[in-house]
Amino acid sequence: MPENRAYPPEGLTPPAPYTLAELRSAMESRAVVEGVAQRCDAALNLSVQLGRISAIMPREEATAPWISGANREIAVLSRVGKPICCTVESIAADAKGAPLVTVSRRQAQEQAMDAMLESLRPGSVVAGRVVRMESFGAFVDIGVHQDGLVHISEITNRFIKHPSEVLKVGDIVTV
């Protein structure tokens, strides 16, 4: 049974039609929610769709460079059109009473990293999604875009020259 159920890889949680009450509850409990990044504005703020509710993810909340190593514009732009895990940071109302929701991927990544460092040990079994392959192995998102490396010698019990002989980007694996 995978040990990373609380912080699954982005895209593995079925889309949820969040209500405002559910988002308030998630904000209070610091729960991770998942939506889809719809677009990016000129200031690199992401618009995230959480069911029928739109949220804004400020650029500085889109990545945690000390975790993912990415702090360039492409790290934000490449999220558009993809599932994105986040925490609800605030809920307010605009002048017309419509909800203004602010979310943070950085906070979700930090929570996931803290939980993984605390609970995962050698031999832990986790679910993941293959995000990149190199000649020496495959990088697997094991939770809220926390990548781990599966060395080529650990992918299969037979000799392969490249991980692409067995895996492809997007495959869901247990590691």
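**Exercise 1. Cysteine sulfurs**

In this predicted model, the sulfur of Cys 85 has its closest cysteine sulfur in Cys 86, at 7.3 Å. Determine how many disulfides the structure holds.

Solution.
Step 1. A disulfide requires two cysteine sulfur atoms within 2.5 Å.
Step 2. The distance from the sulfur of Cys 85 to that of Cys 86 is 7.3 Å, so the two are too far apart for a bond.
Step 3. Seen from the other side, Cys 86 has the sulfur of Cys 85 as its nearest cysteine sulfur, and Cys 86 is in no disulfide.
Step 4. Searching the whole structure gives zero disulfides.

**Exercise 2. Surroundings of the two cysteines**

Decide whether Cys 85 is buried or exposed, and do likewise for Cys 86.

Solution.
Step 1. The cut-off for buried is a relative accessible area under 20%.
Step 2. Cys 85 has a value of 2%, so Cys 85 is buried.
Step 3. Cys 86 has a value of 0%, so Cys 86 is buried.

**Exercise 3. Positive phi angles**

Locate Arg 30 and Leu 44, give the phi of Arg 30 and of Leu 44, and classify the exposure of Arg 30 and of Leu 44.

Solution.
Step 1. Arg 30 sits in the loop between α1 (20-29) and β1 (32-40). Its phi is near 65 degrees, which is positive, and Arg 30 is not a glycine.
Step 2. Leu 44 belongs to the loop between β1 and β2 (46-50). Leu 44, also not a glycine, has a positive phi of about 70 degrees.
Step 3. Partly exposed covers the range between under 20% and over 50%. Arg 30, at 30%, is therefore partly exposed.
Step 4. Leu 44 has a relative accessible area of 9%, so Leu 44 is buried.

Note on methods: Residues numbered from 1 in each chain as written. Predicted model: local features only at pLDDT ≥ 70, side-chain atom pairs only at ≥ 80, totals over all residues. Heavy atoms only, no water. Helix = DSSP H or I, 4+ residues; strand = E, 2+ residues; numbered from the N terminus. Buried < 20%, exposed > 50% of the residue type's maximum accessible area, 1.4 Å probe, protein only.
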